[in-house]
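Open the model in your viewer and keep the sequence panel beside it. The tour below goes from stop to stop, saying what to select and what is there.

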Amino acid sequence: MTDDKRSAERVGGAVADMLGSWDPRMPIETRLFTDPVVHRAELERIFHGNCWHIVGHVSEFGEEGAYKLHRLGEVPLIVLRVQDGVRAFVNSCPHRGAQVVRGTRGKLGSLSASFKCIYHSWVYNAEGSASGVGRRQGYPDDFPMGEHCLPRASVALVGGVIFASLGKNPPAIDDYLGRNLVGHLNRLYGSNELQYLGVQRAIFQCNWKLYVENIYDSYHAVTLHKGFKLMRLRKAAPQIDDSNILRFGHYLSEYEVDLPDRIQLANPEIFEMRSRSDGVSSHLISNIFPASQLSQQLEVLALRCVVPRGVEATEIQFHVYGRKGDAAELREHQLWQAANFLGPQGLINLEDAAALARLQVSMRGRSREFDGRGGLRFPARRADEKAIDNFYGAYRRVVFESQSDGGAA
Ligand code: FES
Ligand SMILES: [Fe+2]
């Protein structure tokens, strides 16, 4: 037996032991943010399981045949635009497992063109089936080529937003999201006029759950973020009474900002609303469990994908959208606000990155629980802590109570 296999079995056994002994009422303690065994269980049950994850928006793809690469947990995906929608394949050759496509995005010359694996020249068509193999003469005439396929992920489209799931039985997407979120997805992203402006990526030095938890935590919005304080952000009231949001562990908060006439900054333009003359606007931030986010803040419409990169690092992808008819000056302003203020390298996220790195350092210490995550001894009191509890309620159900093929809460 190889060392790798022994190690995989050890991890598999440890996950099984941990799940077997888990008390679902257990508080959220520090090892959930540092333990590779917990991380393995999360990958299997959340990122490779039945939950839905945003992997992009149809406006990112020009025409059919355009594709992008993404990943769910550790599993690489090819997301391909076809005439009647979008397909997603696991980017791993069924022959001996090589990654078939590299890079970030590309386009098949036509839909009869193929993805070709460099290792032994097997090729796959837009259905994901093998349509050719290298050195064909080495195989029998009746070799069932078409039976060798790139594994498919399930795909669902809501308002042009592309969701994917690797689970065997993901719930119907409308049930998973609920009417409220479906309505917001259609309203914000459902227009054919949406134009993809690009993506900003950054690696945060924290476990993925700390980044997500930060979205649920409206408490910190005006205590940590000086920019939101200057904007006179009217306190977000999370919709924690929405039964669907409660059941699946999502988060949704709408709020307003009331920009003061004068802001004491060298360049206050960073806050300006160019498409709204009164300076008052509606903002929305939402997390779709486990780790996909919608946001409309200032002039920036975005989707965020939160991708774990090991136990203590998390990639944030901040995809930004405008409208086809937007004036060049507005477009420039949107990109400026996205890059410098709201995106993962902007002012707000730099503050988050600093706070979250401090949390992660603290998680490595002696195992303990903290007041603000609804430990048994400290039931949540603030509305935002109830929202965080809701996330961890769904988390417990998916990681510790679902079947091993991965269950949605
Ligand atoms: S691993 Fe892809 S063709 Fe052999
Ligand atoms: Fe924040």
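Begin with the iron ion (ligand 2), whose donors follow the spacing H-x4-H-x126-D along the chain. Keep in mind throughout that this is a predicted model.

**Stop 1: the iron site**

Which atoms coordinate the iron ion (ligand 2)? Select His-220, His-225 and Asp-352: the NE2 atoms of His-220 and His-225 coordinate the ion, and Asp-352 is listed twice, each time through OD, at 2.1 to 2.3 Å. Next, display helix 5 (residues 219–223), which holds His-220, and helix 9 (residues 347–363), which holds Asp-352. His-220 and Asp-352 are 132 residues apart, so the pair links distant parts of the chain. Both His-220 and Asp-352 are buried.

Now look at the angles. Ideal angles at a metal are 109.5 degrees for four tetrahedral donors. Here the angles among the four donor atoms run from 59 to 150 degrees, and the site is irregular. To count as tetrahedral, four donors would need all angles between 85 and 135 degrees.

**Stop 2: a three-stranded sheet**

Select strand 6 (115–116) and strand 8 (130–132), then add strand 7 (residues 123–124). The three strands form an open sheet in the order 6-7-8, with antiparallel pairing. Why is one side of strand 6 and of strand 8 left without a neighbour in the sheet? Strands 6 and 8 stand at the edges, and each has a single partner strand. Strands of a sheet pair through backbone hydrogen bonds. Between strand 6 and strand 7 there are two bridges; in one pairing, Phe-115 has Tyr-124 of strand 7 as its bridge partner.

**Stop 3: unusual backbone angles**

Most residues other than glycine have a negative phi, and most peptide bonds are trans. The next three selections are exceptions to look up.

- Ser-121 sits in the loop between strand 6 and strand 7. Its phi is positive, about 65 degrees, and Ser-121 is partly exposed, with a relative accessible area of 30%.
- Arg-135 is in the loop between strand 8 and strand 9 (152–158). Its phi is also positive, near 55 degrees, and Arg-135 is exposed at 66% relative accessible area.
- Phe-289 and Pro-290 are joined by a cis peptide bond, with omega about 5 degrees. Pro-290 lies in the loop between strand 14 (280–288) and strand 15 (292–297).

**Stop 4: the nonpolar cores**

Which residues have the most contacts inside the largest nonpolar core? Select Phe-163, Leu-177 and Tyr-395; the core has 83 residues. Helix 10 (residues 383–401) gives the most to this core, with nine residues. Stay on Tyr-395 and show what it touches: residues including Leu-32, Val-38, Trp-208 and Phe-400. Phe-289, from the cis peptide bond, is also touched by Tyr-395.

Another core, of 20 residues, lies apart from the largest one; Ile-78, Cys-117, Ala-130 and Leu-150 are among its members.

**Stop 5: two cysteines and a leucine**

Is Cys-117 buried or exposed? Cys-117 counts as buried, at 2% relative accessibility, whereas Cys-149 is partly exposed, with a relative accessible area of 33%. A search of the whole structure finds zero disulfides.

Last, select Leu-252 in strand 13 (residues 251–258). Leu-252 is buried, with a relative accessible area of 1%. Draw a distance from its C-alpha atom to that of His-184: the separation is 9.8 Å, although the two residues are 68 residues apart along the chain.

Key. Residues are numbered from 1 along each chain as its sequence is written. Chains are lettered from A and ligands numbered from 1 in the order in which they are written. This is a predicted model: local features need pLDDT of at least 70, side-chain atom pairs count only at pLDDT 80 or more; totals for chains, interfaces and linings use all residues. Side-chain values use heavy atoms; hydrogens and water are left out. Two strands pair if DSSP finds at least two bridges between them. Helices (H or I, at least four residues) and strands (E, at least two) are DSSP runs, numbered from the N terminus. Donors are N, O and S atoms within 2.8 Å of the metal (3.2 Å for Na, K and Ca); water is not among the atoms, so sites may look incomplete. Four donors count as tetrahedral if all angles lie between 85 and 135 degrees; four count as square planar and six as octahedral if opposite donors are over 155 degrees apart and all others between 65 and 115; anything else is irregular. Buried means under 20% relative accessible area, exposed over 50%, partly exposed in between (1.4 Å probe, protein chains only). A disulfide is a pair of cysteine sulfur atoms within 2.5 Å. A nonpolar core is a set of buried Ala, Val, Leu, Ile, Met, Phe, Trp, Tyr and Cys residues joined through side-chain atoms within 4.5 Å. Contact means heavy atoms within 4.5 Å. Lists of a residue's contacts leave out its neighbours within four places in sequence.
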